[in-house]
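Colleague: Could you take me through this model? I would like to begin with one helix and then turn to the pocket.

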Amino acid sequence: MAKEKGRTVIAQNRKARHDYTILDTYEAGIALVGTEVKSLRLGRASLVDAYATVDDGEVWLRGLHIPEYTHGTWTNHEPRRTRKLLLHRGEIERLIGKIREGGLTLVPLSLYFSDGKVKCEIALAKGKKSYDKRADLARRDADREVARAYGRAAKGRARSMR
């Protein structure tokens, strides 16, 4: 069997970028059992309620939903079990220091296969207030309008050249 190359996204947490200001991102491996990997290969996972915590010097992913593998037997996994994230000791120490500063949390952004191994992109994030969210939406709408106006102007110039 040929080795997998590249990055295949399994699940993304789109709401995280809306609810949090992303300060720093990390790529972490995940300790999984066989039926979880098989279920992920079918593209089934949900990061909606997922979050990461640091307990006793280890990083844990909680709330990640990986449905049971349909062809699994009695060895099937529990869908919402706590899973260990695999990071370097220095990265964990840095995360512990920044989280203790206050107001910061660990949020999973995406789950993907990288060269055949399951990886999780986690972010050190700060929660946004509702007025920050509204300001971001207004800024995005304004940028979209500028792009549309620019596109219309460019299209108008192209027609007049003919």
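**Helix H3 and the largest pocket**

Modeller: In this predicted model, the buried residues of H3 are Glu 91, Ile 92, Leu 95 and Ile 96.

Colleague: Why do those count as being on the same side of H3?

Modeller: They cover an arc of only 135° around the axis, so they are placed on the same side of H3. On the other side of H3, Arg 100 and Glu 101 are exposed.

Colleague: Which strands do the buried residues of H3 pack against?

Modeller: Their partners are E2 (20–30), E3 (51–55), E4 (58–62), E6 and E7 (117–127).

Colleague: What span should H3 have, and how far apart are its end C-alpha atoms?

Modeller: H3 comprises 13 residues, 89–101, and should span 18 Å because each residue counts for 1.5 Å. The end C-alpha atoms are 19 Å apart, which agrees.

Colleague: And what phi does Gly 102 take, just after H3?

Modeller: Gly 102 takes a positive phi of about 115°.

Colleague: Now the pocket. What volume does the largest pocket have?

Modeller: Its volume is about 160 Å³. The largest pocket is lined by 14 residues, and the closest to its centre are Asn 13, Ala 16, Leu 47, Val 48 and Ala 50.

Colleague: Which elements each supply at least two residues of that lining?

Modeller: Helix H1 (14–19) and strand E6 (104–114) do. E6 is also one of the strands that the buried residues of H3 pack against.

Colleague: How many residues of the lining are nonpolar, polar and charged?

Modeller: The lining of the largest pocket has eight nonpolar, three polar and three charged residues.

Definitions and conventions. Residues are numbered from 1 along each chain as its sequence is written. This is a predicted model: local features need pLDDT of at least 70, side-chain atom pairs count only at pLDDT 80 or more; totals for chains, interfaces and linings use all residues. Side-chain values use heavy atoms; hydrogens and water are left out. On a 1 Å grid over the protein atoms alone, a cavity is a set of points where a 1.4 Å probe fits but cannot get out, and a pocket is an open set with protein on both sides within 12 Å along at least five of seven lines; lining residues have an atom within 4 Å of a point. Grid points are joined across faces, edges and corners, and a volume is the space filled by probe spheres set on the points. Helices (H or I, at least four residues) and strands (E, at least two) are DSSP runs, numbered from the N terminus. Ala, Val, Leu, Ile, Met, Phe, Trp, Tyr, Cys and Pro count as nonpolar, Asp, Glu, Lys and Arg as charged, and the others, Gly among them, as polar. The expected span of a helix is 1.5 Å times one less than its number of residues. Buried means under 20% relative accessible area, exposed over 50%, partly exposed in between (1.4 Å probe, protein chains only). The arc is that of the directions from the helix axis to the C-beta atoms. Contact means heavy atoms within 4.5 Å.
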